[in-house]
Amino acid sequence: MNINARIARIAAPLLLASGLVVASPTQASAALSDCPSGYLCLWSGTNYTGTLKKISVTNSYVSTSLPTVRSYYNKRSYRSLLYSGTGGTGSNACLSSNVASPNVSGWPSYAKSAFLSTTVSFC
């Protein structure tokens, strides 16, 4: 066995135990897979991180209950709408079916309510 292979075999468990191994960049987007089919998922952080809010209630205004919406995945066959105010009031932003955004900016990042359509799939 060559010396490099021997060092790697000994060093790998030590690095893992010490927490010095850096996570791969794809790990941050792994939370995207936490969104079940048929849901509008909202995250408080960019790149699908932070607190996750899963919404499946249709044809009703639902509180986002997040201080900020920094990323989303509309994993539904129909569009969803985000509203600046509670109960569907104020400005709205349309999210087409099966669309995700890792970095929401502007007023939608402070959306207070959502509405999930059951009839229209596009914006």
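Trainee: Is Cys123 buried, partly exposed or exposed?
Mentor: In this predicted model, Cys123 has a relative accessibility of 48%. The exposed class begins over 50% and the buried class lies under 20%. Cys123 therefore counts as partly exposed.

Trainee: To which residue does a disulfide join Cys123?
Mentor: The sulfur of Cys123 has its bonded counterpart at an S to S distance of 1.9 Å. A pair of cysteine sulfur atoms within 2.5 Å is taken as a disulfide. The residue joined to Cys123 is Cys94.

Trainee: How many residues apart in sequence are the parts that Cys94 and Cys123 tie together?
Mentor: Cys94 belongs to strand β6, whereas Cys123 lies in the segment after β8. Cys94 is partly exposed, with a relative accessible area of 29%. Because of these positions, the pair ties together parts of the chain whose separation in sequence is 29 residues.

Trainee: Is the disulfide of Cys94 and Cys123 right-handed or left-handed?
Mentor: The handedness follows from the torsion about the S-S bond. For Cys94 and Cys123 this torsion is about -85°, so the disulfide is left-handed.

Trainee: What is the handedness of the disulfide of Cys35 and Cys41?
Mentor: A search of the whole structure finds 2 disulfides, and one of them is formed by Cys35 and Cys41, with sulfur atoms 2.1 Å apart. Both Cys35 and Cys41 are buried. The torsion about their S-S bond is about 90°, so this disulfide is right-handed.

Trainee: What is the pairing of the bonded cysteines, numbered in sequence order?
Mentor: One disulfide is formed by Cys35 and Cys41, and another joins Cys94 to Cys123. Numbered in sequence order, the bonded cysteines of the chain have the pairing 1-2, 3-4.

Trainee: Which strands stand at the edges of the sheet that contains β8?
Mentor: This open sheet of 4 strands has the order β3-β8-β5-β6, with antiparallel pairing. A strand at an edge has a single partner strand, so one side of it is left without a neighbour in the sheet. The edge strands are β3 and β6.

Trainee: Which residue of β8 is the bridge partner of Ser80?
Mentor: Strand β5 (residues 80-83) is joined to β8 by 4 bridges, and the two run antiparallel. Ser80 also stands opposite Leu95 in β6, and β5 and β6 pair in the antiparallel sense over 4 bridges. On the β8 side, the bridge partner of Ser80 is Leu116.

Trainee: Which residue of β8 stands opposite Val62?
Mentor: Strand β3 (residues 61-63) pairs with β8 in the antiparallel sense over 3 bridges. Within β8, Ser113 and Phe115 point one way, while Ala114 and Leu116 point the other way. The residue opposite Val62 is Ala114.

Trainee: Which residues do ring pairs link into a cluster?
Mentor: A search of the whole structure finds 3 aromatic pairs. One of them is edge-to-face, with Tyr61 and Tyr83 5.6 Å centre to centre and 80° between the planes. Tyr61 and Phe115 form a tilted pair, 5.0 Å centre to centre with 45° between the planes. The cluster consists of Tyr61, Tyr83 and Phe115.

Trainee: Is Tyr61 buried, partly exposed or exposed?
Mentor: Two of its ring partners are buried: Tyr83 has a relative accessible area of 9%, and Phe115 has one of 18%. For Tyr61 the relative accessibility is 43%. As the buried class ends at 20% and the exposed class begins over 50%, Tyr61 counts as partly exposed.

Trainee: Which strands stand at the edges of the sheet that contains β1?
Mentor: Here 4 strands form an open sheet in the order β2-β1-β4-β7, with antiparallel pairing. Each edge strand has a single partner strand, so one side of each lacks a neighbour in the sheet. These edge strands are β2 (49-55) and β7 (99-101).

Trainee: Which residue of β4 is the bridge partner of Leu42?
Mentor: Strand β1 (residues 39-45) and strand β4 (residues 71-75) run antiparallel and are joined by 5 bridges. In β4, the bridge partner of Leu42 is Tyr72.

Note on methods
Residues are numbered from 1 along each chain as its sequence is written. This is a predicted model: local features need pLDDT of at least 70, side-chain atom pairs count only at pLDDT 80 or more; totals for chains, interfaces and linings use all residues. Side-chain values use heavy atoms; hydrogens and water are left out. Buried means under 20% relative accessible area, exposed over 50%, partly exposed in between (1.4 Å probe, protein chains only). Two strands pair if DSSP finds at least two bridges between them. Rings of Phe, Tyr and Trp (its six-membered ring) pair if their centres lie within 6.5 Å; planes under 30 degrees apart count as stacked, over 60 as edge-to-face and the rest as tilted.
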